[in-house]
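Please examine the sequence and the three-dimensional model shown below. The paragraphs that follow lead through selected strands, helices and backbone features.

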Amino acid sequence: MKNELKICALFCLSAILTLSHVAHGQVLAGTDDLGRILPQNNTVGDPKSNKTVALFYFLWQGNSTSPTSQTYWDLTKITATHPEVLNDPGNQYWGTTAQSSAYYFWGESIYNYYKGEDYWVQLKNMQLLTDAGVDLLVLDATNAIDYNIQAEVLMDAMDAIRAQGKNPPKIAFYTNSSSGATMQACYNDFYKSGAPYYHPNCWYNLDGKPLIIGLTAESAGKDYQNFFTYRESQWPFEAKKANGWPWIEFVRPPRVYYNASGQKEIVNVSVAQHPNCGYGMGNAAFYGCTNNWGRSLRNGSPGNPSTDTPYGYNFQEHWDFAIAQNTPFIFVTGWNEWIAGRWPSNDGNNQHSLFVDLASPEFSRDIEPTLTGNLKDNYYMQMVSNIRKYKGIDTTQILSGSTTITNFTDWATVTPAYKDYTGDIQARNHPAGAGNIIYTNTTGRNDFDTLKVARDANNIYFYAKTAATITANSGSNWMRLYIDKDRNATTGWKGYEYRVIGGNTLQQYTSGAWVGLPGSITNNVSGNQMYLTIPRSSLGNLANPLNFEFKWSDNMQDDTDPLDWYVNGDAAPGARFNFIASSNNSTMTNISSAQENKLADQIKIFPNPAHEKVEITFANVFSDLSIKFMDVNGNTVKEISANGVKNITVELRGFAKGTYSIQFHSGELTASKTIVLQ
Ligand SMILES: [Ca+2]
Ligand SMILES: [Ca+2]
Ligand SMILES: [Ca+2]
């Protein structure tokens, strides 16, 4: 009887979830470490049809055909501690004396120096890329290797996510060297009936057949010839091909490609480029070659890598151009190449070492979150923002009506059901892609599955359902709840004004520290369910209608670092995302006015009235702040930018006396101020 009920309940729940998934996707909020806010439906509009994001993805880390240098392998660390290696190809601190036989990581992923077949890594990545809205992973087989073992691990991770009703990316292979033979290997390994690594649910189909990229002419007469839909491998120095799918471009703006039917199809977006390819990324990083384009490049200037590398200026120029082309595909390069072989340089100095593709934080092009170069998860969040601009996004789901919760059954009718991934507490125990290291991570404990929020006049209630029985309360980092009460990342710790730790202790972030608040929080736990009852009065009387963000975590290891949410315990939602709890449908207006105030509050201008000049100070440093002075007739009389600075002096000598409006613009934020010139 109990079992029958359980089966019915499961069946009914999955039916409801399927329906609600079709009707409305789950929309996450977030602000990155630079203060850039993920755009929502109010700025990017509803989901658009026929917009597909392809991402270049790599499986070769630690593979025997791309062997990592044995003793030292992190180029950023080697060149920081032993810069003498750069003019000494046989130096011991290369970790190997022979050039052309070892591969180096340009830096360290948040998953460390991993091996391509590490399931723990692939599962984490598939969660990030599912949340990002990436549709297609283009697997790099350009070196004539299909990395079949690693690809199967990746597809196992995709299958695990699909089994939860989510929509993970699918795969296609990109071949070029020995294209015909490599396409044959892909067909034999993955696609043909009885293939050893057969995952048809993971295939990306175009025009009704699995997509493959390569030199189509080489498929002629092969047994796989009619199996695939083909697109052409397209190198940046080759003339534009019909059906070309470019993995990078060495011209700005990038070229736009058409398919064989003459329809506009695809454009490439990349993080950095090496148009001076004879010298590669390594010579730009280490030997003064100035003709390559690093992460900081914009407006034709190399920028200032010592401060600009984390901001993604070059990447953003590409995105802005690509989105405006309105192509059905955008090809993004890339997620996780990480390694490059060391070769003898061809720059005329035989003491130099050459790295063609990746060399340093500035001259690399990986988006995957990293521990190196202060890049953190900025490029991931920037990619998520731009995918939203390209594809649109659903509106925020609204909370169901006021409900008083007195027991677990009261939660049955409360919506929405916010969903986390399950299985994301998977332990890690896998050899590294470098050195004799085994990576382990056993911090996964309680596995969040479904979260809910309810409210009545007196209380806010928070519900969490986990995949298995909730562990006994172990103290501070057990089943934590974070609340950003004003949806503003510049107030509180990383935006959060409140948190509940240890199941019953409410804290407020005040003057740079978490401080306990009086008030009684009730905590009910039963099996795999738990809920908290928090008096509204304890939360500083949250705005009504409700409009806040929240996040659960369990077993964080470093509660000062948001990157912890990517790797340890469980976070719901994952990464640097929040769920949105909103009890009315006028969130658009609320957010816009909050954002308006947010930027305006951070800007001070003096003196006002002014003579000849004004000084403008900013509470925060902005990566992309533009300032426009307009006269009473609406004419722009001065336009400047104030990127990366906390104050700026603006000369107004020679301007007519009178009132001027000053318009500030940074990403999604705008503000307006008025000054009088005397
Ligand atoms: Ca989970
Ligand atoms: Ca806040
Ligand atoms: Ca999670």
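Two strands are said to pair if DSSP finds at least two bridges between them. Helices (H or I, at least four residues) and strands (E, at least two) are themselves DSSP runs, numbered from the N terminus. The model is predicted, and local features need pLDDT of at least 70, side-chain atom pairs count only at pLDDT 80 or more, and totals for chains, interfaces and linings use all residues. Residues are numbered from 1 along each chain as its sequence is written, while chains are lettered from A and ligands numbered from 1 in the order in which they are written.

A suitable starting point is strand E3, which spans residues 136-141 and has six of its six residues buried. Here a residue is buried if 20 or more other C-beta atoms lie within 10 Å of its own, exposed if 12 or fewer, and partly exposed in between, with C-beta atoms placed from the backbone. In a regular strand the side chains alternate between the two faces of the sheet. In E3, Leu136, Val138 and Asp140 point one way, Leu137, Leu139 and Ala141 point the other way, and all are buried.

Strand E3 has parallel partners. Strand E1 (residues 52-57) runs parallel to E3 and is joined to it by four bridges; within this pairing, Phe56 stands opposite Val138. Six bridges join E3 to strand E4 (residues 170-175), again in parallel, and Asp140 has Tyr174 of E4 as its bridge partner. Together with helix H5 (residues 148-162), E3 and E4 make a right-handed β-α-β unit. A crossover is right-handed if, with the strands pointing away from the viewer, the path from the first strand over the helix to the second runs clockwise.

The loop between E4 and helix H6 (179-191) contains Ser178. Most residues other than glycine have a negative phi, and most peptide bonds are trans. Ser178, although not a glycine, has a positive phi of about 45°. Ser178 counts as partly exposed because it has 18 C-beta neighbours inside 10 Å.

Two cis peptide bonds may be considered next. One joins Arg252 and Pro253, with omega about -10°; Pro253 is placed in the loop between strand E8 (244-246) and strand E9 (256-258). Another runs from Phe606 to Pro607, with omega near -10°, and Pro607 is in strand E29 (residues 603-611).

How do helices H9 and H10 lie relative to each other? The axes of H9 (residues 313-325) and H10 (residues 378-391) come within 10 Å and cross at roughly 10°. Axes are lines fitted to C-alpha atoms, for helices over the stretch in contact, and angles run from 0 to 180 degrees between N-to-C directions. H9 and H10 are therefore roughly parallel to each other; angles under 35 degrees count as roughly parallel, over 145 as roughly antiparallel, 65 to 115 as roughly perpendicular and the rest as oblique. Phe315, Gln316, Trp319 and Ile323 of H9 make the contact with Tyr379, Gln382, Asn386, Lys389 and Tyr390 of H10, where two residues are in contact if their C-beta atoms, placed from the backbone, lie within 7 Å.

Further along the chain, five strands form an open sheet with antiparallel pairing, in the order E15-E18-E19-E25-E24. Its edge strands are E15 (418-419) and E24 (522-526), each of which pairs on one side only. Within this sheet, strand E19 (residues 459-466) and strand E25 (residues 529-535) pair in the antiparallel sense over seven bridges, and Lys465 has Gln529 of E25 as its bridge partner.

Strand E26 is largely enclosed by the rest of the structure, because eight of its eight residues are buried. Asn547, Glu549, Lys551 and Ser553 point one way from E26, whereas Phe548, Phe550, Trp552 and Asp554 point the other way. E26 pairs in the antiparallel sense with strand E20 (residues 480-484) over five bridges, where Tyr482 is matched with its bridge partner Lys551. Four bridges, also antiparallel, link E26 with strand E28 (residues 579-582), and Asn547 stands opposite Ser582 there. The antiparallel pairing of E26 with strand E27 (residues 570-572) has three bridges, with Ser553 opposite Ala571.

Asn555 lies in the loop between E26 and helix H11 (564-567). Although Asn555 is not a glycine, its phi is positive, at about 65°. Asn555 counts as buried because it has 21 C-beta neighbours inside 10 Å.
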